[in-house]
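Reader: Could you take me through this structure step by step? I would like to begin with the overall picture and then turn to the details.

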Amino acid sequence: SGVLAGIKGIAGSSAGAITAAFIASGITPEKFKKLSTETNLKGLLGDGFMVNKDGKPLYKLLQDTISGNIAEYLTEQKDLVSLCNNRMADINNQLSALQNDSTPEGKEQYKLLNENKQRLQQVIDGDAQELVELGKRAKRGDKILFKDLALLNILEPAKFKDLVVTA
């Protein structure tokens, strides 16, 4: 819906961490609504007695949803190198705009953008194979790591967010 486009990161604990992980991994509003209304929350606890439930259905929901969000996004992108180059141009424009900003916030943003530029250049230098491999892992339902989300956040910050899980 675009409401989260300007949000840089999202955090949560417990059920909020689940929600945060879905949002950080680029879930669509429609998919989120469907999960929210159609998921048997008690069933997510899994097998076991009282408080000793195994949580396997919850883990599977998280893994399938996060991997699915990322696989769907990367599959839709036909030319990952061009996507990276377009994002690099955006970062360069932002860096130019911040070049004369001597405020602490401006300096911090400039530093972060430079770090993102260096990371993105590594991906471009590797012909975006890192993203291709991430897409393959996501399609297989393999584990998605915080560093994967961080890379996607650099590439598409309006869709993918920094994720913080608290306990």
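Author: Certainly. Read along the sequence, the chain has the pattern β-α-α-α-α-α-α-α-β. Please keep in mind that this is a predicted model.

Reader: How many helices and strands does the chain have in total?

Author: The secondary structure comes to seven helices and two strands.

Reader: What box do the C-alpha atoms fill?

Author: Taken along the principal axes, the C-alpha atoms fill a box of roughly 60 × 35 × 25 Å. The chain has 167 residues, and buried residues make up 31% of them. Its accessible surface comes to about 10,400 Å², and 55% of that surface belongs to carbon and sulfur atoms.

Reader: And what share of the contacts with a separation of 6 or more comes from residues 24 or more positions apart?

Author: Such residues account for 65% of those contacts.

Reader: Let us go inside. How many residues are in the largest nonpolar core?

Author: That core has 35 residues. Those with the most contacts inside it are Ile70, Leu74, Cys84, Leu120, Leu131, Leu152 and Leu155. The elements that give two or more residues to the core are helices H1 (15-24), H3 (56-76), H4 (80-98), H5 (104-125), H6 (129-140) and H7 (146-155).

Reader: Which helix gives the most?

Author: Helix H4 does, with seven residues.

Reader: You listed Leu152. What is leucine 152 in contact with, leaving aside its neighbours within four places in sequence?

Author: Leucine 152 is in contact with Ile70, Leu74, Leu131, Leu134, Pro157 and Phe160. Three of these names, Ile70, Leu74 and Leu131, also appear among the core residues with the most contacts.

Reader: Now to the outside. Which residues form a nonpolar patch on the surface?

Author: Val3, Leu4 and Ile7 form such a patch, and together they have about 260 Å² of accessible area. Leucine 4 is placed in the segment before strand S1 (9-12).

Reader: Why does leucine 4 count as partly exposed?

Author: Because its relative accessible area is 36%, and partly exposed covers the range between under 20%, which is buried, and over 50%, which is exposed.

Reader: Changing topic: how many salt bridges are there?

Author: The count comes to five salt bridges. In one of them, the side chains of glutamate 130 and arginine 119 meet at 2.3 Å, N to O. This pair links distant parts of the chain, since glutamate 130 is in helix H6 and arginine 119 is in helix H5, eleven residues apart. Glutamate 130 is partly exposed at 36% relative accessible area, and arginine 119 is partly exposed at 25%.

Reader: Where do glutamate 133 and lysine 136 lie?

Author: Both lie in helix H6, three residues apart, which is about one turn of the helix. Glutamate 133 forms a salt bridge with lysine 136, and the closest N and O atoms are 3.6 Å apart. Glutamate 133 has a relative accessible area of 38%, and lysine 136 has one of 42%.

Reader: What about arginine 137 and aspartate 148?

Author: Their side chains meet in a salt bridge at 2.9 Å, N to O. Arginine 137 lies in helix H6 and aspartate 148 in helix H7, so the pair ties together parts that are eleven residues apart in sequence.

Reader: Is aspartate 148 buried or exposed?

Author: Aspartate 148 counts as buried, because its relative accessibility is 7%. Its partner, arginine 137, counts as partly exposed at 22%.

Technical notes
Residues are numbered from 1 along each chain as its sequence is written. This is a predicted model: local features need pLDDT of at least 70, side-chain atom pairs count only at pLDDT 80 or more; totals for chains, interfaces and linings use all residues. Side-chain values use heavy atoms; hydrogens and water are left out. A nonpolar core is a set of buried Ala, Val, Leu, Ile, Met, Phe, Trp, Tyr and Cys residues joined through side-chain atoms within 4.5 Å. Buried means under 20% relative accessible area, exposed over 50%, partly exposed in between (1.4 Å probe, protein chains only). Helices (H or I, at least four residues) and strands (E, at least two) are DSSP runs, numbered from the N terminus. Contact means heavy atoms within 4.5 Å. Patches are made of residues with over 30% relative accessible area and no salt bridge: like charges are joined within 9 Å, nonpolar side chains (Val, Leu, Ile, Met, Phe, Trp, Tyr) within 5 Å. Accessible areas come from the Shrake-Rupley method with a 1.4 Å probe; for residues, only the protein chains shown count as cover. A salt bridge is a side-chain nitrogen of Lys or Arg within 4 Å of a carboxyl oxygen of Asp or Glu.
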